[in-house]
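Here's a quick briefing to read with the model open beside you. Which parts are worth clicking through, and how do they hang together?

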Amino acid sequence: MVASYAGVTLHKADFISNDTTGTVVVPNYETDSLGGFTLEDLDTGKYRLSIALGGKLHSEEISYSGNTLDLGEITLEAPGTVSGTFADGNGETLASWIGVY
């Protein structure tokens, strides 16, 4: 199935979101009708690429060296679930949302 008009998010790998809603992908790009996308004018470095559509997603870290980077065909999959309590080194429960990649 072609991921037409899927949301695409690209951030530097060390990006820290201040989003507290738990939203997995806040798109800053979109695929075209054939599921393709081109991102231009990128600085070199490591990025987190996330694509989401209809409850399925793909997320990976990519390295861009200034040349054309063809990611090939990407398959979107249903995400898993993590449950439990997150705590800091002192045993204090963390109340913020935590993304797992």
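Strands here are DSSP runs of E with at least two residues, numbered from the N terminus, and lining residues of a pocket are those with an atom within 4 Å of one of its grid points. With that in hand: in this predicted model, the largest share of the lining of the largest pocket, 4 residues, comes from strand S3. S3 is also part of an open, antiparallel sheet of 4 strands, so let's start with the sheet and work towards the pocket and two residues of interest.

**The sheet**

- Going across the sheet, the order is S2-S1-S3-S4, with antiparallel pairing.
- Strand S2 (29-30) and S4 sit at the edges; each has a single partner strand, so one side of each is left without a neighbour in the sheet.
- S1 (residues 7-12) is tied to S3 by 6 bridges, and the two run antiparallel.
- Along that pairing, Gly 7 is opposite Ala 52, Val 8 is opposite Ile 51, and His 11 has Arg 48 as its bridge partner.
- On its S2 side, S1 is held by 2 bridges, again antiparallel.
- Val 8 turns up here too, with Tyr 29 in S2 as its bridge partner.

**The S3-S4 hairpin**

- How many bridges join S3 to S4? There are 9, and the two strands run antiparallel.
- One facing pair to look for is Lys 46, with Ser 63 opposite in S4.
- S3 and S4 make a hairpin with 2 residues between them.
- Check the backbone at Gly 54 in that turn: its phi is positive, at about 55°.

**The largest pocket**

- Its volume comes out at about 730 Å³.
- The lining takes in 32 residues, and those nearest the centre are Gly 35, Phe 37, Ile 51, Leu 71 and Ile 74.
- Ile 51, one of these central residues, is the residue that Val 8 faces in the sheet.
- What kinds of residues line the pocket? They split into 18 nonpolar, 9 polar and 5 charged.
- Strands S3 (45-53) and S4 (56-64) each put at least two residues into the lining.

**Arg 48**

- You'll find Arg 48 in strand S3, where it is the bridge partner of His 11.
- Is Arg 48 buried or exposed? Its relative accessible area is 21%, and buried means under 20%, so Arg 48 counts as partly exposed.
- Its side chain makes a polar contact with the side chain of Ser 59, at 3.2 Å.
- Arg 48 and Ser 63 are 15 residues apart in sequence, and their C-alpha atoms are 8.9 Å apart in space.

**Thr 31**

- Thr 31 belongs to the loop between S2 and S3.
- With a relative accessible area of 3%, Thr 31 falls under the 20% cut-off and so is buried.
- A polar atom of the Thr 31 side chain lies 2.6 Å from the backbone oxygen of Ala 3.
- That side chain also reaches the backbone nitrogen of Ala 6, at 2.7 Å.
- Setting aside neighbours within four places in sequence, Thr 31 is in contact with Ala 3, Ser 4, Tyr 5, Ala 6, Val 8, Gly 36 and Phe 37.
- Two names on that contact list come up elsewhere: Val 8 pairs with Tyr 29 in S2, and Phe 37 is among the lining residues nearest the centre of the largest pocket.

Conventions:
Residues are numbered from 1 along each chain as its sequence is written. This is a predicted model: local features need pLDDT of at least 70, side-chain atom pairs count only at pLDDT 80 or more; totals for chains, interfaces and linings use all residues. Side-chain values use heavy atoms; hydrogens and water are left out. On a 1 Å grid over the protein atoms alone, a cavity is a set of points where a 1.4 Å probe fits but cannot get out, and a pocket is an open set with protein on both sides within 12 Å along at least five of seven lines; lining residues have an atom within 4 Å of a point. Grid points are joined across faces, edges and corners, and a volume is the space filled by probe spheres set on the points. Ala, Val, Leu, Ile, Met, Phe, Trp, Tyr, Cys and Pro count as nonpolar, Asp, Glu, Lys and Arg as charged, and the others, Gly among them, as polar. Two strands pair if DSSP finds at least two bridges between them. Buried means under 20% relative accessible area, exposed over 50%, partly exposed in between (1.4 Å probe, protein chains only). A polar contact is a pair of N or O atoms within 3.5 Å; within protein, one must be able to donate a hydrogen and the other to accept it, and residues adjacent in sequence count only if both atoms are side-chain atoms. Contact means heavy atoms within 4.5 Å.
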